[in-house]
Each structure stands twice: as C-alpha cells, then as structure tokens.
Amino acid sequence: MKKVLIPTKLNAVARELLKDSGGYNVVHDDSTELKELAAQHPDTYALIVRSDKVTPEIIDALPELKVIVRAGAGYNTIDIRYARQRGVDVMNTPGANANAVAEEVVTLMLADARHVVQADVSTREGKWEKKTLMGRELTGKTVGIVGFGAIGRLVARRLAGFDIKLLTYDPVLSEDRAEEFGAELVDLPTLFERCDYISLHIPENDDTRGMINKDLAGRMKEGATLVNCARAGIINEDDLRAVKAEKNIRFLNDVYPKDAAGEKSVADIADLMMPHLGASTVEANYNAAKRAADQLMEYDEKGMSTYIVNRDVPEGLDEMYADLAYDLAHLARQWVGARNKLKMIETSVYGSLKPFSDWMIVPILAAVSEEFDRSMEAAAAREYLKDMGIDYNDRETDDTKNYGNTITIDLAANVDHGSLRRVSIRGTVAEGRLMISRIDDFDKLYFEPEGHAVFFRYEDRPGVLGQIGVALADHGINIDDVRNPHDESGKYSLAIMKTSSPVDQEIVDRIAGEIDAPYAVGITF
Ligand SMILES: NC(=O)c1ccc[n+]([C@@H]2O[C@H](COP(=O)([O-])OP(=O)(O)OC[C@H]3O[C@@H](n4cnc5c(N)ncnc54)[C@H](O)[C@@H]3O)[C@@H](O)[C@H]2O)c1
Ligand SMILES: O=C(O)CC[C@@H](O)C(=O)O
C-alpha cells in the first residue's frame, strides 16, 4: 500500500476516500512538525499539504516521495523546481477554495465600511458611538480586481448585487472575456487611479513580488480601500506604509510572509487583519481535501494529471532550448510592454528543434503569462490561449535558410489607442550558452541573456551611449558589457548594456525620455 502523509488540518474526507479505495495507508497528523513526520515516515509516497512549507530538506527526507498535492491554489510554499529535480510531481487544486476567498473579500469590505469590529467592541463597553461609527455603502462604488482568475471572477460575481462599476487588470484577459463578467479591462495604473476598492488576486512569483509599490499605491484615490487576500509578497509593505497616512487609505489584509502566530509587521498599516483565513471555511476545506484525494487517485490510475504544476521538458529535447524559448519570450514580452494586452504569438522553430515546436508554447506562455507555469502541458497552453483571445501560429519553417537549431518568437500586444506593438526575436544555443541573435532588424547580436540588462532603440546619432552611461551612473549602476549595433537601414541603433544591478523600468523610462528612445526595456534574465 502507498503511504500518504497529511501533516496538516485537512477535512477528513481526503483520508477517508483514500483509505476506502483500499490502496493507501494514510497518516493524518496535524499536531507534529512536518520535519519530524518526514523523519518518522521516510517511506511516504504522497504528501498532501496546505500552506505547509515543503523545502528541499523535507523532499530529501522522503526518498520514496513521488507526488505532492497542494490542497489549495497557491504553491509558492513548495519548492517545485527542486521537486522536479528529484522526480517528484507537484499538483494543486485550483478553484477548490475560490468561493471562500471571494466571500472573505466581500466580508472584509463590508465589515470595514460599517466599522463592525470597532462597533462591537465599543457597544460592549457600554458606549453609543453612532456619530463616530458613521459608515459608507459599497453600492455604486468602483471596484478594481487585479488578477481575474478563479477568485477574481468569483469576487466579481459576488459583488454584482451591489451595482458596482467593475474594473479589472489581468495581462492575459481579453476585453470580450472581461465584458462577459461586466468588467472593463484597464491597465494597472488606471485601475489604481479610478477605484474606490481594489482587491488583489494574483499569485506571488518572481514577477509579482513587490508589484504593489509606491507608484501604484500613490495613485490610489483619497480614502480608497486595498484588500489583500492573495499573498503578502505582492505588496511592498514599506511603500504602502509611505503613502497610507497621506492618502487615508484603508488596508484589509489576510496574508503574511509567514503563516504563524506572532507579531505582524503590517499591524501598523492594516485596518483589518485575518490570520490567513481566506480558504478556511468548512466547504472549502472539504472541497480542497476531496479534490486532493480524487486527483491523487486519478493520477495513480492514469499515471498523469493535468493538475501537475512542475512538469518536465519532453524526452529528447535539450532543456537549454526550453530555457531559450523562455528567455526570448520574456524579452519579447517586455519589448511589447509587460502590461499591454497580448494579441498574438508566432513562432518559427528550426533544425532538430522542429519536432518540439508544438511544445515550445509551454515555456513561451510561462514567460509571458503569470498564470502559466513551465511545468504545465501544451494542450493546456493552447486551451489557455483560446480562452484569452491570443492568436497563436507555429509557422512552417524552411531549413534551407541554414539557421541551425534556432527559435524565432514574434509577439504583438495592444498599446494605447488600439494600435499593435510588435517584436521579433531570434536565438540559439552556442558553445553551451543561450544566445539572442536578432531583435527585429538588428542582426548578429550574439547577446547572452543572463543577469541584468537594458535595451534602448533610438535614432542613431553620436553621444547617446555616453548619455545612457552617465544616467545609469547617477543611480549607482555600473555597466558590465555594451553592444551598439545599427539596423539594416543604418538609421536606428540599439544600445544593449549589461548592468551590475537591476534597473527599474521607471529609471529606464526616464532615460528613454532623455534620449528619445521609443523602445526601452530593463530586464533581468
Ligand atoms: N487567502 C487565501 O487563503 C487564499 C486562498 C486561495 C488562493 N489565494 C491566493 O490567490 C491567488 C489567486 O488564486 P486563484 O485561484 O484566483 O488563481 P488563478 O490562477 O485562477 O488566477 C490568478 C490570475 O492572476 C492573473 N495574474 C497573474 N499575474 C498577474 C499580474 N502580474 N497582474 C495581473 N494579473 C495577474 C492570472 O492571469 C490569473 O488570471 C493564488 O495564487 C493564491 O496565492 C489565497
Ligand atoms: O490552505 C489554506 O488555508 C490557504 C490556502 C490558500 O492560500 C491557497 O493558496 O489555496
């Protein structure tokens, strides 16, 4: 029998279903540390967790481990890359607790608007504070939802009865799809400027960490409310602190860097705090537990699952080419504007990579969309593209061009006033290194996508490189490497500089303004 370890408070339905199937020996213990349990049960085959941290040490302590099931949505607590290295599949149960979170968001908004917590305390104290506890109504307000996935969409539906004006921002959402939910798709700054309530429903990852910064918080309306029932890391706490008092912002919070008792660093700026209770309803706990058990049994029956979030590259493909596709798409996404709505992806895959051209959409989509992970499947990627209204074309290629094993990725995204911004980037692997060989008309670049870099495309004239160098130096940024090719017409130049540290897009945009460069990107590979 396969041993399943459930080291967390999870509805007993998971344990019962697995036991009843006759194929599993289940250890369900929510009072012992995971580290200790791992030492006691080294023969564990499957681990079912909630927000428990699954580190390389835990994975190493379980040599028989084949699968980890996250009974929930966010899997930022699991080292999925290390799990892959160890041949361990990781699954989540997306959507199983979405309604619980959506209801928590509405609860927090209403509780704060009507001072429920203070009113209870003061009335119990014998006070009668009708004047100071004057509330506000949610009805008719403008609400912005950042991240229009399972939870974001449910928040929209649950709030519909309040006749709100709904705005949303999600880089992979089409206008039509947003409209189906009665939402207007806007860019992030607009959402922050126009909304009375803003609710965050995005995953925490390398791209979203610290995303809610001083610039965005500073755009909020006087007295507006920010709700975070997603992950703590997506808000730059100090930036929010800096603008909160000045703008009289309300901040309602469910999530923290660590899921544990003790002082909370946000306590001084949060107006309402919950101990990560978003998914903590009887119903959600049941749904997530049942889904975890069902998915595990289905995985064992079929030997695979569409819920795996850390799938590997296909057999026969050198993983470096998957990394190449990812890096090319990552740069292309910044080039067309990371926040602009993506409309089209086209690829040309040459040489021995051709058999994998279909699959390449996986790392490409992972690079351009936060919602997609490199471990997901190509079929899911195509489904996703359809859902998001993104055209995808894997072009016929002609090997007489002698491009060797190269990949070209073209992206197009909507910019302001409905026009499209396009870019075409080609790359290869040479001498065991990733190489970007072409960006639009700038050929033979042989630039290694590694570390931090800035790109400026401008009309060629003397002195521009110096200007960029001085501007970067003003911010304490050193230049490690410079390329400065001309395009085919000789009219435009591309300044590519590797830098000693990351360069904020804000600084890049400022320099771009100074040197009149319409295309300017700061990137970390
Ligand atoms: N408080 C809780 O208890 C609780 C419970 C469940 C989930 N969560 C958190 O909420 C997150 C969202 O959950 P979900 O089930 O809706 O996930 P989901 O994958 O269905 O939706 C996430 C959405 O965010 C969008 N997105 C990604 N990056 C973005 C960005 N930079 N800007 C705007 N949108 C972006 C994606 O395109 C996607 O549509 C989870 O990742 C998890 O961290 C918290
Ligand atoms: O399991 C929990 O209680 C929290 C889960 C939630 O944050 C999730 O990402 O699904």
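## Ligand 1 and helix α7

Ligand 1 lies between domain 2 (98-273) and domain 3 (319-524), because both give residues to the shell around it. The model is predicted.

The shell holds 28 residues. The closest are A150, I151, D170, C229 and E370. By class, the shell divides into 15 nonpolar, 8 polar and 5 charged residues.

Three polar contacts of ligand 1 use backbone atoms of the protein; they are listed here.

| Residue | Protein atom | Ligand 1 atom | Distance |
|---|---|---|---|
| I151 | polar backbone atom | oxygen | 2.9 Å |
| C229 | polar backbone atom | nitrogen | 2.9 Å |
| A279 | backbone N or O | oxygen | 3.2 Å |

How much of ligand 1 does the protein bury? Taken alone, ligand 1 exposes 860 Å². The protein buries 93% of that area.

Two of the closest residues, A150 and I151, belong to helix α7, which spans residues 150-159. This helix is largely enclosed by the rest of the structure, because 7 of its 10 residues are buried. Buried here means under 20% relative accessible area. The buried set is I151, G152, R153, L154, V155, A156 and L159. I151 thus appears twice: it is buried in α7, and its backbone contacts an oxygen atom of ligand 1 at 2.9 Å.

What do the buried residues of α7 pack against? Their partners include three helices: α5 (98-113), α8 (175-180) and α15 (378-388). Strands β6 (142-146) and β7 (165-169) also pack against them.

Terms used: Residues numbered from 1 in each chain as written. Chains lettered and ligands numbered in written order. Predicted model: local features only at pLDDT ≥ 70, side-chain atom pairs only at ≥ 80, totals over all residues. Heavy atoms only, no water. Buried < 20%, exposed > 50% of the residue type's maximum accessible area, 1.4 Å probe, protein only. Helix = DSSP H or I, 4+ residues; strand = E, 2+ residues; numbered from the N terminus. Contact = heavy atoms within 4.5 Å. Near = heavy atom within 4 Å. Polar contact = N/O pair within 3.5 Å; in protein donor to acceptor, adjacent residues only side chain to side chain. Areas by Shrake-Rupley, 256 points an atom, 1.4 Å probe, with all protein chains shown as cover. Nonpolar A, V, L, I, M, F, W, Y, C, P; charged D, E, K, R; others polar. Domains from an automatic or database assignment.
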